[in-house]
Amino acid sequence: MNLAKTIVIKPTMNCNLRCGYCYEFLRNGTTYCKDSMTSEQLIKIAERTARLFPNSKILWMFHGGEPLLKNPAFFETFTSCIRNLNNTFPVEYKIALQTNATLLTEEYIKILEKNADLLSERIISISIDGPKEINDMTRHCITGEPSFEKIIKSIEMVKNSSLAFSTISVIGSHNVKKANEIFAFIKEIGSNLCKFVPCYNSDKKGDSEKYGIRPLEFAHFMCEIFDLWMHNLPYQSEENRIVIEPIASIICNVSGSVVTWCEYREEKCSNFTCVYPNGEMWLCDNFMHESMKNTAYVKNIFEVSNSELKEILLTPEKICDFESFYKKLMKGCYDCDVFSFCKGGCIPTRHEMAKKSSALFDEYCEAKRLLINHIKRGVDFALP
């Protein structure tokens, strides 16, 4: 039976950082899921999946919390399992790693290098919000010390290895007015793939808090980044070219190319299954656990039968109330003039905005329209 998807593995929800805007701690609380997944539990999940879906193509993405709080042996054991499954079954399994990089060591690097053929695009995805004065405003170690120097040291380790790295930066009130500085920094450290994610933290009335910004603020930031990227294009070679999200996804939709980022695809949360340390499966970790369990929770992987797991991984949206929730939230989107490029955006994000403030919800759509039209004009101008 065929299966192609990303399974997000959260082996621990603990983290050695305490970023001021952290969505996991703000959204789900510091007490959510104190469990820690063992390598034996994870191996059983992978082996079970291979037996149920012998022709599957799965990306096992490590996320957190901070996954590198698990020791190197945890990752070495799992990569050995994945290699064995690839050799035993007609499956194509890869791994991916999203990390704050402060715990990355030469031992981790050696394990990942040894298994570079299993690491998606040979890339380690590293969180960093910009140069030191920007990053260290929010990204602190649990001890209170800044994280920038630790992250840069890890980036240098990756650059001196056979691996590559990408970056993901949270855009909030601490850096939304710093597009020039952030773009120059991304170029300087040599990130060929970078993703910018907005911090939409807000109170019950929809007013920004805890480094939160408005949708239009993020749109204006991304318009600036797009202009800087366009002006830099003539100077980019194959070695130093920069791919930026969400710009790349929007351009792909404009040009009719394949888009992988769910926010800009009409097929949404069913492309992912997020597995927490205690075995809970959710469509995505963006959903509020306290208020959206009926919408996005799809049972516990340690408790379901094989037939149930088959159904969950193939059609997770049918296990919960997501389909009816999605149709209701998307009502009116299909007649929008930018829907073919926007695809409705992030579903849980839009839902939270709609609950808090109709003005915030409307601004989310206005911001998408502004950014998409700005990028479309730039693309049309650049193309002969």
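## Cysteines and disulfides

In this predicted model, the number of disulfides comes to zero, where a disulfide would require a pair of cysteine sulfur atoms within 2.5 Å. Two cysteines illustrate how that count arises, and each can be followed by looking at the cysteine sulfur that lies closest to its own.

For Cys-223, the closest cysteine sulfur belongs to Cys-342 and lies 14 Å away, which is too far for a bond. The residue Cys-223 is also buried, since its relative accessible area is 7%. For Cys-284, the closest cysteine sulfur is that of Cys-269, at 5.6 Å, and this distance is likewise too far for a bond. Cys-284 counts as buried as well, because its relative accessibility is 17%, and buried here means under 20%.

## The sheet

The model contains an open sheet built from 10 strands, which follow one another in the order β7-β6-β5-β4-β3-β2-β1-β8-β9-β10, with mixed pairing. The edges of this sheet are taken by β7, covering residues 243-245, and β10, covering residues 297-300; each has a single partner strand, so one side of each remains without a neighbour in the sheet. From one strand to the next, the twist averages 20°.

## A parallel pair within the sheet

Within that order, β2 and β1 stand next to each other, and their pairing can be described in further detail. Strand β1, made up of residues 4-9, pairs with strand β2, made up of residues 57-62, in the parallel sense, and six bridges join the two. As an example of how residues face each other across this pair, Thr-6 has Leu-59 in β2 as its bridge partner.

Notes:
Residues numbered from 1 in each chain as written. Predicted model: local features only at pLDDT ≥ 70, side-chain atom pairs only at ≥ 80, totals over all residues. Heavy atoms only, no water. Pairing = 2+ DSSP bridges. Helix = DSSP H or I, 4+ residues; strand = E, 2+ residues; numbered from the N terminus. Axes fitted to C-alpha atoms, helices over the stretch in contact; angles between N-to-C directions. Buried < 20%, exposed > 50% of the residue type's maximum accessible area, 1.4 Å probe, protein only.
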